[in-house]
Amino acid sequence: MEFSKAFADAVVDYRGLLDKGYPTKATLKLVGDRYRLAKAERMILFRGVLSRFVSNLIASKLVYSVEKRSRLAVDGHNVLLTLVNYHRGLPLFIASDGLLRDAGAAFGRSRSTTYMERSISLFIQGIVELDPEYLLICLDRPVSGSGNLAQALRNALSISGVQATVDLFPSADPIVRDFEGDCITSSDSALVMKAVSPTFDLAMWLLGCRYKSTFPDIRALLNG
């Protein structure tokens with residue numbers, strides 16, 4: 001994926017307005033209409049560009065490696081859906097806060113189980129390599145198919161010999177946010193911003209290690 005000149009200009013204008021305190025929804029429409037951005041470009045703008053203050057705050061909470069035998073909490077749907085969208089061939093990018101995100105909502109959901117199976121396999125490979133002392137995988141109960149996903153993860157972890165707790169919650173966010181351990185894994189900006197523990201971008205690490213994937217970086221546009 002390459003960013004167009006119009007999108008690059010839109011990123012700078014959008015960030016500038018956010019920094020001045022303009023509301024996100026109105027700013028997105030204003031800038032999107034001005035530069036005639038497509039739906040996917042608007043979604044990338046919305047998910048990928050945060051104010052300078054918020055971007056710097058989140059970036060300060062990131063770690064780029066995890067020691068073996070660490071205590072980890074995983075925002076399960078967040079990580080796995082990022083991997084699913086990668087396997088679907090959808091655009092992924094590094095946001096202004098340094099986290100890997102996708103524009104999946106602009107392309108709809110896929111009902112194919114093949115993408116999820118590949119993503120679970122990749123996820124398990126990474127977990128085996130990290131060899132955590134304690135692993136908590138949190139899933140959102142209201143999301144369709146969460147029970148089946150939880151069981152699939154438990155089965156795959158058991159086969160791989162990994163000790164882990166896979167639990168369903170009304171919302172995974174507060175559980176991951178308040179986890180007191182070595183790190184959490186998520187790219188949810190609201191969650192990471194308030195998290196007790198540092199954040200490790202597990203999805204970006206997995207894709208880099210397994211596929212040597214690199215991603216367009218919105219920070220480069222903001223830095224000229």
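Visitor: Which hand does the crossing of α6 and α7 have?
Guide: Keep in mind that this is a predicted model. The axes of α6 and α7 come within 10 Å. As for its hand, the crossing of these two helices, α6 and α7, is right-handed.

Visitor: Is α6 parallel or oblique to α7?
Guide: Start with the angle: the axes of α6 and α7 cross at roughly 45 degrees. Angles under 35 degrees count as roughly parallel, and 65 to 115 as roughly perpendicular. With its angle, α6 therefore sits relative to α7 as oblique.

Visitor: How many nonpolar residues are in the contact of α6 with α7?
Guide: On the α6 side you'll find Met116, Ile120, Phe123, Ile124 and Ile127. Helix α7 brings Leu149, Ala152, Leu153, Ala156 and Leu157. No polar and no charged residues take part, and the nonpolar ones number ten.

Visitor: Which residue of α3 is the charged one in its contact with α1?
Guide: The axes of α1 (residues 5-19) and α3 (residues 39-48) come within 11 Å and cross at roughly 35 degrees. From α1, the contact takes Phe7, Ala10, Val11 and Tyr14, while α3 adds Ile44, Leu45 and Phe46 among others. By class there are seven nonpolar, no polar and one charged residues. Asp, Glu, Lys and Arg count as charged, and the one from α3 that fits is Glu41.

Visitor: How many residues does the largest nonpolar core have?
Guide: Helices and strands both feed it: β2 (71-75), α5 (76-87), β3 (92-94), α6 (113-130), β5 (134-140), α7 (146-159) and α10 (202-211) each give two or more residues. Those with the most contacts inside this core include Leu83, Leu135 and Ile137. The full count for the core is 34 residues.

Visitor: Which residues does Phe123 touch?
Guide: Phe123 is one of the residues with the most contacts inside the largest core, and it also takes part in the contact of α6 with α7. Leaving out residues up to four places away in sequence, its partners are Val74, Val79, Leu80, Leu83, Ile137, Leu153, Leu202 and Leu206.

Visitor: Is Ser213 buried or exposed?
Guide: Look in the loop between α10 and α11 (218-222) for Ser213. Not counting residues up to four places away in sequence, Ser213 touches Tyr86, Leu207 and Gly208. Buried means under 20% relative accessible area. The value for Ser213 is 16%, so Ser213 is buried.

Conventions. Residues numbered from 1 in each chain as written. Predicted model: local features only at pLDDT ≥ 70, side-chain atom pairs only at ≥ 80, totals over all residues. Heavy atoms only, no water. Core = buried A, V, L, I, M, F, W, Y, C linked by side-chain atoms within 4.5 Å. Buried < 20%, exposed > 50% of the residue type's maximum accessible area, 1.4 Å probe, protein only. Helix = DSSP H or I, 4+ residues; strand = E, 2+ residues; numbered from the N terminus. Contact = heavy atoms within 4.5 Å. Axes fitted to C-alpha atoms, helices over the stretch in contact; angles between N-to-C directions. Parallel < 35°, antiparallel > 145°, perpendicular 65-115°, else oblique. Left-handed = near helix turned anticlockwise from the far one by under 90°.
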